[in-house]
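Student: Got a minute to walk through this model with me? I'd like to poke at a few residues and then move on to charges and domains.
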Amino acid sequence: MIIEHVKVYTKDNTFQEGTISIQNGVFSDTSDSPDTIDGKGCYAIPGLIDLHFHGCGGYDLCDNSIEAIAKIAEQEACAGITGICPATMTLPYEELLQILRTAAAYRKECSEQKESKKGADLIGINMEGPFISTAKKGAQDPKHILPCDVKIAENFIRASEGLVKFIGIAPEDNPDFVSFIAQLKEQVSISLAHTNADYDTAMAAFQAGANHAVHLYNAMPPMTHRAPGVIGAVSDSPHVYAEIICDGIHIHPSVVRATFRMLGTDRMILISDSMRAAGMPNGRYTLGGLDVNVTDRKVTLVSDGALAGSASNLMECMRTAVTQMGIPLETAVACASVNPAKCLGVYEERGSIEPGKIADLVLLDESLAVQMVLKNGNRIR
């Protein structure tokens, strides 16, 4: 396949007028295929990768169903999100184990399929709980919060057959957090998640090897001039990636712009944090066993009105970052494809348009609306 007359997103994070060749499901220098597509001046970007979301279209990873994961993968791919790393909630230990086993079974089933798969690739699992803080629980059920436990964490990793890529912790509630991080950091990324840690505690966690911050600003202390908290610690830790939700609801556009200036492009990761209501009408839904209301993409807990994830997918968040927050398109694409791929350790195979990489591609028009999606070089939209 050859795609002509497009503005190609390059490995230098810029757009250049050009042509894209695809051969045997990967990007190539040339193609002997007679199939040629006129891109009509569209932006050609790599498929996006969402490394923190819970579900969409009425389904959730924690439904514990192969069918649910398949439906999520299909809907995400159609939106131009071709790699996914969905997040678990704080649920009973045995239930989490089964959810992880189901995800592993789904990945195995996909690998055994001979026909071309149209759904997004399941790259990993992001464990947002259960080692979090009751003080910053957000939409997580406090009944199932656990103290950090290496054996429990290793059981999660085994149950997922290596799919678990992130385990979130609240270090301030766990006196042995340094030992926990030291024993697990070679197996998974340790993130600070739903935490009330102060600056010194967060810095100690990052210096011990934690390297990720879950949805920056949300479910953590605010940054002030005398108490910089987790956000200040992230700023002072160059090895730490920071997730950020740019749905236009969770964080003010001015703060988004300031955060990009503070951390730089290379460490920022756009996420959606979407739940099952993404792509669905207003109404009442559930998240992690808790009831939520959805009104005009705003998701809140029925119990206390707290924000409870989003109802926007990653492509919508990326578009919002560009059109409503003033983030350059080149920067937003990097933070929704390149950086997630690097953070997940899969940049050698995906996340950019380069010869030899998986041919996951999205064409966007001038308004950044999706015009075409290719998955493994096959058109799915």
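Student: Let's jump right in: is Asn-218 buried or exposed?
Tutor: Asn-218 is buried, at 14% relative accessible area. Buried means under 20% relative accessible area, exposed means over 50%, and partly exposed is in between, with a 1.4 Å probe and protein chains only.
Student: Before I go on, what am I looking at?
Tutor: This is a predicted model, where local features need pLDDT of at least 70 and side-chain atom pairs count only at pLDDT 80 or more, while totals for chains, interfaces and linings use all residues. Residues are numbered from 1 along each chain as its sequence is written, and side-chain values use heavy atoms, with hydrogens and water left out.
Student: Ok, where is Asn-218 in the fold?
Tutor: Asn-218 sits in the loop between strand E15 (212-213) and helix H6 (229-235). Helices (H or I, at least four residues) and strands (E, at least two) are DSSP runs, numbered from the N terminus.
Student: And which residues is Asn-218 in contact with?
Tutor: Leaving out neighbours within four places in sequence, Asn-218 is in contact with Ile-245, His-250 and Ile-251. Contact here is heavy atoms within 4.5 Å.
Student: Which residues does UniProt give as "binding site"?
Tutor: The unreviewed UniProt entry puts that feature at Ala-139, Asn-218, Ala-219, Arg-226, His-250, Leu-307, Ala-308 and Gly-309. They are spread over 171 residues of sequence and also spread in space, up to 29.0 Å between C-alpha atoms. UniProt positions follow the numbering used here, feature names are shortened, and annotations may be inferred rather than shown by experiment.
Student: What does Ala-219 touch?
Tutor: Ala-219 is in the loop between E15 and H6. Not counting residues up to four places away in sequence, Ala-219 touches Lys-136, His-194 and Thr-195.
Student: Which residue is listed as "active site"?
Tutor: UniProt, again in an unreviewed entry, lists Asp-273. Asp-273 is in the loop between strand E17 (268-271) and strand E18 (283-287), and is buried at 5% relative accessible area.
Student: What is around Asp-273?
Tutor: Setting aside neighbours within four places in sequence, Asp-273 is in contact with His-52, Phe-53, His-54, His-215, Ile-245, Gly-309 and Ser-310. Gly-309 is also among the "binding site" positions in the UniProt entry.
Student: Switching to cysteines: how many disulfides does the structure hold?
Tutor: Zero. A disulfide would be a pair of cysteine sulfur atoms within 2.5 Å.
Student: Why is there no bond for Cys-56?
Tutor: The closest cysteine sulfur, in Cys-78, is 9.9 Å from the sulfur of Cys-56, which is too far for a bond. Cys-317 is in no disulfide either, with the nearest cysteine sulfur, that of Cys-246, 6.9 Å away. Cys-317 is buried, at 0% relative accessible area.
Student: Now charges. How many salt bridges are found in the whole structure?
Tutor: Nine. A salt bridge is a side-chain nitrogen of Lys or Arg within 4 Å of a carboxyl oxygen of Asp or Glu.
Student: What pairs with Glu-366?
Tutor: Lys-7 does, with the closest N and O atoms 2.4 Å apart. Glu-366 is in the loop between strand E22 (361-364) and strand E23 (370-375), and Lys-7 is in strand E1 (residues 2-9), 359 residues apart. Glu-366 is exposed at 56% relative accessible area, whereas Lys-7 counts as buried at 16%.
Student: Which residues are linked in a network of salt bridges?
Tutor: Asp-121, Glu-349, Arg-350, Asp-360 and Lys-375. In that network, Arg-350 and Asp-121 meet at 3.0 Å, N to O, and Lys-375 and Asp-360 meet at 3.2 Å, N to O. Both Lys-375 and Asp-360 are buried.
Student: Last topic: how is the chain divided into domains?
Tutor: Domain 1 is 1-46 + 351-380, and domain 2 is 48-348. Those bounds come from an automatic or database domain assignment.
Student: How much area do domain 1 and domain 2 bury between them?
Tutor: About 1,900 Å², 64% of it on carbon and sulfur atoms. Buried area is the accessible area (1.4 Å probe) that two parts lose on being put together, summed over both. Leu-368, Lys-375 and Ile-380 supply 28% of what domain 1 buries against domain 2, more than any other three residues.
Student: What is the salt bridge count between the domains?
Tutor: One salt bridge is counted between domain 1 and domain 2.
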